[in-house]
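Reader: I'd like a close look at one part of this model, with enough of the surroundings to place it. Could you walk me through it in plain words?

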Amino acid sequence: MATLSIKNLHVNAGDTEILRGLNLEIKDGETIALLGPNGHGKSTLLAAIMGNPAYTVTEGSITLDGQDVLAMPVNERSKAGIFLAMQYPSEVPGLNSADFYKAALNARREQPIKLFEFYSKLQKAYAETEIPFEMSKRNLNEGFSGGEKKRNEILQMKLLNPSVAMLDEIDSGLDVDALHVVAREIEKQQQTGTGFLVISHYARLYSLIHPTRAAILVNGRIVVEGGPELIERIDREGYEWIKTEYGVSVEKEIGKPMNDMSIGACGTKVKVNG
Amino acid sequence: MAENNDLQFIDCLPVNDLVVPEGETLHLEMAFFSVLPTGELKIRVKKGASLEAALADFSIGSSKLNVEIALEEGATSEFHLAALGKGDSVKTYIPNAIHLEPHSESLISSYGIASEKSNVSFLGTSSIEKNAKNSATRQEAKVILFDKESKGAASPILKIADNDVKASHGASVGRLNDDHLFYLESRGLSEEDAKRLITLGYLKPIASYFADESLRQRIESEIEGGIYRV
């Protein structure tokens, strides 16, 4: 149980300002659907909260139950309870998955986890995410399909049991069965009181995990916040109505075209350059 | 009838040049834990013979090693090298393959980690001589710079003097991948631990080329110990 509070956040990617004074609060156990057109900063927000060094926070604050998140290095943010399921999880050659998970668990414990305890925990997580346990012997994400990588992120979320979990397009690359597995595991995690900040382009995932609120990110700011009915409206009508109702003209892109670093979710190059 | 031979050298180089006789296979394991003498290793792979060689170097101090693998008709050779540079040592490896006759094949693959103020260089040349048609060669080298003051070079060279051959090379020298580091750190690992785990992954595969179980274990623990001492 925790409250993540973001105030007046300004974030640059290189020389381009992506987030321009963003405010958002995720209270105890809430699930927020983060919506918005491509290239407006949704993934940037998640990456900045986690502390991705590719982004620079130039102004504003992020706090978790009053603790200054921006003052923490990435690993401390994780240990404080923040989790990010990456849009494009890296393949790390030579790094055994199970060894990595053990190191991640040990990083947040005084005494190293006992082997038996670790393996029962690991087996349970693999079974629940319906990933063959054999995959724990493989190198981290190496040669995994898109869907396997995404389920693997959920597996890590379960192992680390965060207080705030951020999911960046966790549903991309998942077939229908896998989507249901992922949604079921998210729901279980919600029941433990974990707060969620979820980016998805599809109402399908949201319909399964029942967000308590929705926030729409346009031009680097949250311009509309409301109930889950916003998700359905955007699914139906797109983002045009924001212009007429809120007088916010939706920019085609923020700043210059996205460069080739993995700026994450919504930096679809096709749209930006086309 | 092909015969198999195994040779193992620990902390020393073969005194004489090695010859793999016609049609035979030589499995050569070399591991250096305390010292790698500066020197030269020459191996002749005769007609239709094959060489499988692995070299793991965790020694302290500087050294320069020249390797020359000469291949006759239909000979094949694989040479895998892994090195960990420590302290302010300068380690230079020059693994060369020379294709003298047709239908010969060679692979040289070198992986290095330069830590602290060390300098690790791979400067091998794979050459296909005149008349060595239909030969195939690959020379690859990769150096990871672990610390700010570490240095490295990877310059695999190809020299081709005939047609109808296959030749390729690959090289990289660089710091650890930022995306990988961020990914590991986002799960709670400190930057140092993330660097160590990733580095382990680069070196560990060398152990699989050692058939001797106890030596393989020694290499694995040396890799882990070496990385964690850094």
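Reader: To get my bearings, how many helices and strands make up the secondary structure of chain A? After that, please zoom in on strand S1 of chain A, where A:Asn8 lies.

Author: Before anything else, keep in mind that this is a predicted model. Chain A has ten helices and ten strands.

Let's go straight to your strand. S1 covers residues 4-13 of chain A, and A:Asn8 is part of it. The strand belongs to an open sheet of four strands in chain A, ordered S2-S1-S4-S5, with antiparallel pairing. The edges of that sheet are taken by S2 (16-26) and S5 (67-68) of chain A; each has a single partner strand, so one side of each has no neighbour in the sheet. In the order S2-S1-S4-S5, S1(A) sits between S2 and S4, so let's take its two partners in turn.

On one side is S2(A), which runs antiparallel to S1(A) and is joined to it by eight bridges. One pair you can pick out is A:Leu9, whose bridge partner in S2(A) is A:Leu22. The two strands make a hairpin, with two residues between them. Look in the turn for A:Gly14, which has a positive phi of about 65°.

On the other side is S4(A), residues 56-64, again antiparallel, with seven bridges to S1(A). Here you can find A:Ser5 opposite A:Thr63, and a little further along S1(A), A:Lys7 opposite A:Ser61.

Now for A:Asn8 itself. Is A:Asn8 buried, exposed or partly exposed? A:Asn8 counts as partly exposed, because there are 13 C-beta neighbours inside 10 Å, and a residue needs 20 or more to be called buried, while 12 or fewer would make it exposed. Leaving aside residues up to four places away in sequence, A:Asn8 touches A:Gly21, A:Asn23, A:Glu59 and A:Gly60. For A:Asn23, the C-alpha atom is 5.4 Å from that of A:Asn8, although the two residues are 15 apart along the chain.

Stepping back, how does chain A look as a whole? A compact globule of 274 residues would have a radius of gyration near 19 Å, and chain A has 18 Å, which agrees. Its C-alpha atoms fill a box of roughly 60 × 40 × 35 Å along the principal axes. Of its 274 residues, 45% count as buried. If you take the contacts in chain A with a separation of 6 or more, 73% are between residues 24 or more positions apart.

The helices give you something to set beside the strand. Take H6(A), residues 176-191: at 1.5 Å a residue, its 16 residues should span 22 Å, and the end C-alpha atoms are 23 Å apart, which agrees. Its buried residues are A:Ala178, A:Val182, A:Ala183, A:Glu185, A:Ile186 and A:Gln189. Viewed down the helix axis they fall within an arc of 165°, so they line one face of H6(A). The face turned away from that buried side carries the exposed residues A:Val176, A:Asp177, A:Lys188 and A:Gln191. Several elements of chain A help cover the buried residues of H6(A), including H4 (115-128), H5 (146-160), S7 (164-168), S8 (195-199) and H7 (203-209). After H6(A) comes A:Gly193, with a positive phi near 100°.

H3(A), residues 97-106, brings in the other chain. Buried in H3(A) are A:Ser97, A:Phe100, A:Tyr101, A:Ala103, A:Ala104 and A:Leu105. Their cover includes H4 and H5 of chain A, together with H2 of chain B.

That takes us to the contact between the chains, which uses 23 residues from chain A and 19 from chain B. On the chain B side, the elements that give two or more residues are H1 (178-185) and H2 (191-203). The residues on that side divide into eight nonpolar, five polar and six charged.

Chain B itself has three helices and 15 strands. A compact globule of its 230 residues would have a radius of gyration near 17 Å, and chain B has 18 Å, which agrees. Its C-alpha trace spans about 55 × 35 × 30 Å along the principal axes, and 44% of its residues count as buried. Among its contacts between residues at least 6 apart in sequence, 75% join residues at least 24 apart.

Key:
Residues numbered from 1 in each chain as written. Chains lettered and ligands numbered in written order. Predicted model: local features only at pLDDT ≥ 70, side-chain atom pairs only at ≥ 80, totals over all residues. Contact = placed C-beta atoms within 7 Å. Nonpolar A, V, L, I, M, F, W, Y, C, P; charged D, E, K, R; others polar. Expected span 1.5 Å × (residues − 1). Arc of directions from axis to C-beta. Rg over C-alpha atoms; globule rule 2.2 N^0.38 Å. Pairing = 2+ DSSP bridges.
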